[in-house]
Amino acid sequence: MSRKLLAALLSLTVTLALSLALIDRPLPTEDLPARVGQAMQSSGVAHPVTAVLLNFRSYDTLLEVGVLLIAVVVALALREAQPDGPDRMGLDNPLLRAITAWLMPLMLMVSGYLLWAGSTRPGGAFQAGAVLAACGVLLRLCGTGLSWLEQPWRLRAGLALGPLVFLAAGTATMLAGASFLAYPEPLAGSLILFIELNLMVSIALALISLFRLAPPQSDSPHFADRRRSRRE
Amino acid sequence: MSSALFYAWVGVVLCGLGLFGFILHRHLMRRLLAFNIMGSGSFMILVGLAQDGRGADPVPQALVLTGIVVAVASTALALVILRRWYRVSGESRLPEDV
């Protein structure tokens, strides 16, 4: 049987099985929105998703930042010694630079706003970090570069900042007698904002460095002889 | 069928499409794209099912937000590995698929 037919059959079967499971689904036994609503008073923020992310289930968020960090560490281990000059970064175009100079303050402002808005409406560290990372990617694409990231210890310190502050906050609550990452109620709001601020820096740096660490596109493979002469 | 359930079903279709592409294509970039489509489908199932009949549920939404960040990180890492593999071997597919 041909590969295409087999793939179509398998994926159709999976789709049908999932559809049946969707129709014949068990009803939820627990009313999670109501429980979140009850606990909102003690969370320190007004937006339920932020409350779940950084208070009720902050353990998940801590591990998620860990996953990001591991991805960057693996990418750092895989990088090759390569000159990182402006000619390797992409388009060095004066018009692009002029537009970037206009856009950059706006993007930084949006990033700060998203971080601040996270406590009352959709937003937060990840969205703000993503916008900040977009700033970095844009700067790199127009050849401006991020020279202060060339110093390895600066990059590493920035990457470690968020998880370290998060861990420190979690451990501090343990020292105060509560369980890990159980913030005291009066301090919860400002503590969450402080953690999010540091997380934003680390997330943005992680995304930027993942972008930087991909080998440049312009050059051919090292081992030309291994290349197949026949291209399908 | 409520609209939330419809979203979940669209997620199911996306999962099926992603699986089809993942099996069919041998080019690693296409496989990565197909895998991401599968992931988006599972996110839609999670959010759609949880919202069915009782409005927005912040817990699965936060879960999916976490999942999206992890998916971005893994996709970026996969791209780094893919391009490194291309630089070393000159191939954009795995040795057993060539």
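**Figure 1. Chain B, a chain with 3 helices and 0 strands.** In this predicted model, the elements of chain B follow the pattern α-α-α when they are read along the sequence. Of the 98 residues of chain B, 43% count as buried. Among the contacts in chain B with a separation of 6 or more, 61% are accounted for by residues that lie 24 or more positions apart.

**Figure 2. The interface of chain A and chain B, where 51 residues of chain A are in contact with 45 residues of chain B.** The area buried between chain A and chain B is about 4,300 Å², and carbon and sulfur atoms give 68% of this area. The count of salt bridges between the two chains is 0, whereas 4 residue pairs, both residues at pLDDT 80 or more, are found in polar contact across the interface. On the side of chain A that touches chain B, the elements that give two or more residues are α1 (3-23), α2 (32-39), α3 (48-56), α4 (58-78), α6 (125-141) and α8 (188-213) of chain A. The most is given by α1(A), with 11 residues. When the residues of this side of chain A are divided by kind, 29 are nonpolar, 8 are polar and 14 are charged.

**Figure 3. The largest nonpolar core, which has 57 residues.** The members that touch the most other members are Leu54(A), Leu68(A), Phe166(A), Tyr183(A), Ile195(A) and Leu199(A). At least two residues of this core come from each of α3, α4, α5 (94-117), α6, α7 (152-175) and α8 of chain A, and likewise from α3 (58-89) of chain B. The helix that gives the most to this core is α8(A), with 13 residues.

**Figure 4. Ile195(A) and the residues that it touches, with a second core.** Not counting residues up to four places away in sequence, Ile195(A) touches Leu54(A), Val165(A), Phe166(A), Ala169(A) and Tyr183(A). Separate from the largest core is a second core of 6 residues, which includes Leu22(A) from chain A as well as Leu5(B), Ala8(B) and Val12(B) from chain B.

**Figure 5. The helix α3(A), which is mostly covered.** Of the 9 residues of α3(A), 7 are buried, and these are Val49(A), Thr50(A), Ala51(A), Val52(A), Leu53(A), Leu54(A) and Asn55(A). The buried residues of α3(A) pack against α2, α4, α7 and α8 of chain A, and also against α3 of chain B. One of these buried residues, Leu54(A), is also among the residues that Ile195(A) touches.

Key. Residues are numbered from 1 along each chain as its sequence is written. Chains are lettered from A and ligands numbered from 1 in the order in which they are written. This is a predicted model: local features need pLDDT of at least 70, side-chain atom pairs count only at pLDDT 80 or more; totals for chains, interfaces and linings use all residues. Side-chain values use heavy atoms; hydrogens and water are left out. Contact means heavy atoms within 4.5 Å. Buried area is the accessible area (1.4 Å probe) that two parts lose on being put together, summed over both. A salt bridge is a side-chain nitrogen of Lys or Arg within 4 Å of a carboxyl oxygen of Asp or Glu. A polar contact is a pair of N or O atoms within 3.5 Å; within protein, one must be able to donate a hydrogen and the other to accept it, and residues adjacent in sequence count only if both atoms are side-chain atoms. Helices (H or I, at least four residues) and strands (E, at least two) are DSSP runs, numbered from the N terminus. Ala, Val, Leu, Ile, Met, Phe, Trp, Tyr, Cys and Pro count as nonpolar, Asp, Glu, Lys and Arg as charged, and the others, Gly among them, as polar. A nonpolar core is a set of buried Ala, Val, Leu, Ile, Met, Phe, Trp, Tyr and Cys residues joined through side-chain atoms within 4.5 Å. Buried means under 20% relative accessible area, exposed over 50%, partly exposed in between (1.4 Å probe, protein chains only).
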